[in-house]
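I opened this entry to keep a record of what I looked up, element by element. The notes follow the order in which I went through the chains.

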Amino acid sequence: MIARVRAGDTQAWGDLYREFAPAIFRFCRRAMPTREDAEDATMEIFMKLRDKLTQYDQSRSFTAWLYRVAANHCWDMLRRRKARHDKDTEDIDDLPIEAPEPNQLEKLIEERTSEEVRKALDKLGARARMALVMRYYSDMSYDEIADALGVRRPFVGVVLLRARHELRQALGENSALAVGGTR
Amino acid sequence: MSELENTANKHLDEITLLLYVERQLDRDSAQEVSLHTQTCTSCMTLLRALDRESRLLTRSMLEEDEPLPARLTGFQARVKKSMQWIWGLVFGLAALGIYALYTGYIEPAEHELEQAGFGGTNLLSLLLFQGALWKGWQSMFTSVEFVALVSAAGFGLFLFRRYLKRASALAVMFASLGLLAAFASPASAMEFRKSDSIQIKKDEVIKGDLYATGENVRLDGTVDGDVYVAGKQVVISGRVTGEVFCACQSLRIDGQVEGSVRNASNSLTITGTVGRGVTSFSETTAIDLSGKVGHSITAFSKSLTVDGTVGGDVLAFAAETNIAGNIEGEIRVHGDSLSIGSNASIGGKASFEGNSPADVASGAKLASPITFKKIEHTRNARGGGYYVWRVIWASAFILFGLVLLWVLPQFSKEATGNVENVGASFGLGVLVGFALPIAAILTCVTVVGLFVGLSAFFLWFASLYFSQIVVGAAVGSWILGRTNETWPLVGRMAIGILILRASMALPFIGGWIKIAVILWGIGAISLAAYRRLQPVMAPNIPTPPMAHVGTPLPPNTTVSGV
């Protein structure tokens, strides 16, 4: 199908869109702050894709490549809006991460539903959310995440851990559960 | 001993456990974590919690909680459908524009030329078949036809390039080149002369065409063919059986030219005989008392004086026209003043379009009274139709822009972005705006280059319009804020174009605004095209190292308390 799309087959392009648009929209929906942003981003990604397809190496996974394009596009959009100001400053990166209490963390995770997690994701800073989406939605490698976010590879684990802490904080906001500071 | 072993009796930190869950630890470190968690309940619980957290995250994100929005479901279909009516509207307005152009400019010009006795059925046949401007058109006709065909084929190949395999494209290209070679006409005998001072002596006879360049060129002998001459002072006192094409400071014809004279010079003086017509782009054009022109005169001059005899008509676009000789055909003069001397004789109709009626001496013999039409200064007398057409043109521009943004979205956006790079765009615009048409004309001189030249000229012409669209889009973006999305950009482009077109309609400064916008836009387009032609870096080329934040950590280090 990709070869046909590259050759200018509009039918194939339609098939590709139908097959991948839902997944890319969901990716954008998780990564972007609003539904409208996600819709815009999805359309722009597919418009961009027509030009970018020439760069795709057919020996590698198309889905992985597509997610990389989507991640780069969403992150560019977020960066342009300077939406990272809230929780993604260097100052916060330098703060120590407080270790959680294992049992309480386990309880928190057990009690939370998928919907609550999605709502909590919306409260995260752009970089934290982007990192979690890249890793746990599109299964991107640490190298790819480092490349997309523009951070050093060894720092990716820290970014993910901080993102999890932010998420736990957001999940625990309406709960009596405390997940940190007891180990 | 590793750090992990050192912490055997303590708990492992969370990042180590996370990297373990994520399979990011090296083999040894992973084994140590595995051993530790077998004996440490707390770390095992945290490890399990992290793993469950990962799965919860994946599950939450992958769940299809909302369907694909209708906006995205119909994304492609809607674009296609919306473009259907746009195409209809675009073609409708384009047809209207062409009709306006034809009725407003081409038809009156054609009518005037016909009235002046050129007798062509239309302007194209006049140019191509009667050789009003250049005899060469007649012999070049098959080549022009062929080039037009090749251009159309090239355009077709470009449009359908995706369906053509490389071999077939090559075959088409070679077939075209073969046809081009087959159509090329054999070279005829010709003689080249280049010197400061060239003289063809009285008894010298040149068989074939003569190409001469020099400061002073004097032809006293005979040329049995055409003469192509470029110089400062050119005098033809001998005989030319063909035609004369001249670009010089002054051309004087004392002898005999059996064909036509096509001339661009400071001054043209004819005291001898020209068998056929004269086309002159000169500051002064003069047919002296003894001068004879067999057919018509077409002059674009500051002053035209006809004291001699003209066998055909006179069509003049001249500030000042003086006629004291004998004109057997009609005269049509457009300019400031027309003076008919007492010895003048005009066999056909006479009409003059100027500021004040012609000054006709009492002894002049005219077949009919001179028809006078006062030049209307349209700038001060704009009717309602003028504004209607301006609105139609502005709409046509917006639709043209819409099509461009749809057909070349990325390129249009890049060009619009480049508008903000004022210095580079304007500088490049001046260079390309003026240099490209000159280069195109020069390229057209050769038959093979004609295709390239015409294509370049066509591109330049198209860019005159495209430039206004990109500048319009940029102006709209300054007002409403920048956007990278197509439809909002279309809205901004429409507003920008309306503002620009309104500015261009202003008296006195409107013309300058238009020139500035065109040059600016052409520069922005050229910049975008230039950047497109730059080689793209392969995706696997390593990127430059990121700015370092602190000391890099070894891959297997635990990052406790970062």
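**Strand pairing in chain B**

I began with strand S14 (residues 297-306) of chain B, which is joined by nine bridges to strand S16 (residues 314-323) of chain B, the two running parallel. I noted that the model is a predicted one, and that Ile297(B) has Val314(B) of S16(B) standing opposite.

I then followed S16(B) to its other partners. With strand S18 (residues 331-334) of chain B, S16(B) pairs in the parallel sense over four bridges, and here I found Phe317(B) opposite His334(B) of S18(B). Four bridges also link S16(B) to strand S19 (residues 337-340) of chain B, again with the strands running parallel, and Asn322(B) has Ser339(B) as its bridge partner in S19(B).

Next I looked up the open sheet of chain B, in which 10 strands with parallel pairing follow the order S3-S5-S7-S9-S11-S13-S15-S17-S20-S23. Which strands lie at the edges, each pairing on one side only? They are strand S3 (205-207) and strand S23 (365-366) of chain B. Within this sheet I checked strand S17 (residues 326-327) of chain B against strand S20 (residues 345-346) of chain B, and the program-derived pairing is parallel over two bridges, with Ser345(B) in S20(B) as the bridge partner of Asn326(B). As a reminder to myself, strands of a sheet pair through backbone hydrogen bonds, in either a parallel or an antiparallel sense.

**Helix packing in chain A**

Turning to chain A, I looked at helix H4 (residues 62-80) and helix H8 (residues 126-136), whose axes come within 11 Å and cross at roughly 175 degrees. Angles over 145 degrees count as roughly antiparallel, so H4(A) is roughly antiparallel to H8(A).

For the residues that meet, I wrote down Ala71(A), Cys74(A), Trp75(A) and Leu78(A) on the H4(A) side, and Ala126(A), Arg127(A), Arg129(A), Met130(A) and Met134(A) on the H8(A) side. By class, the residues of this contact divide into seven nonpolar, no polar and two charged.

**Chain contact and salt bridges**

How many residues does each chain bring to the contact between chain B and chain A? I recorded 51 residues from chain B and 62 residues from chain A. The area buried between the two chains is about 5200 Å², and carbon and sulfur atoms give 54% of that area.

I also looked up the charged pairs, and the count between chain B and chain A is nine salt bridges. In a salt bridge listed for Arg164(A) and Glu22(B), the side chains meet at 3.9 Å, N to O.

A search of the whole structure finds 23 salt bridges over all chains. Within chain A, I noted the salt bridge of Arg35(A) with Glu39(A), whose closest N and O atoms are 3.3 Å apart. Arg35(A) and Glu39(A) are separated by about one helical turn, because they lie four residues apart in helix H3 (residues 35-52) of chain A.

Methods: Residues are numbered from 1 along each chain as its sequence is written. Chains are lettered from A and ligands numbered from 1 in the order in which they are written. This is a predicted model: local features need pLDDT of at least 70, side-chain atom pairs count only at pLDDT 80 or more; totals for chains, interfaces and linings use all residues. Side-chain values use heavy atoms; hydrogens and water are left out. Axes are lines fitted to C-alpha atoms, for helices over the stretch in contact, and angles run from 0 to 180 degrees between N-to-C directions. Angles under 35 degrees count as roughly parallel, over 145 as roughly antiparallel, 65 to 115 as roughly perpendicular and the rest as oblique. Contact means heavy atoms within 4.5 Å. Ala, Val, Leu, Ile, Met, Phe, Trp, Tyr, Cys and Pro count as nonpolar, Asp, Glu, Lys and Arg as charged, and the others, Gly among them, as polar. Two strands pair if DSSP finds at least two bridges between them. Buried area is the accessible area (1.4 Å probe) that two parts lose on being put together, summed over both. A salt bridge is a side-chain nitrogen of Lys or Arg within 4 Å of a carboxyl oxygen of Asp or Glu.
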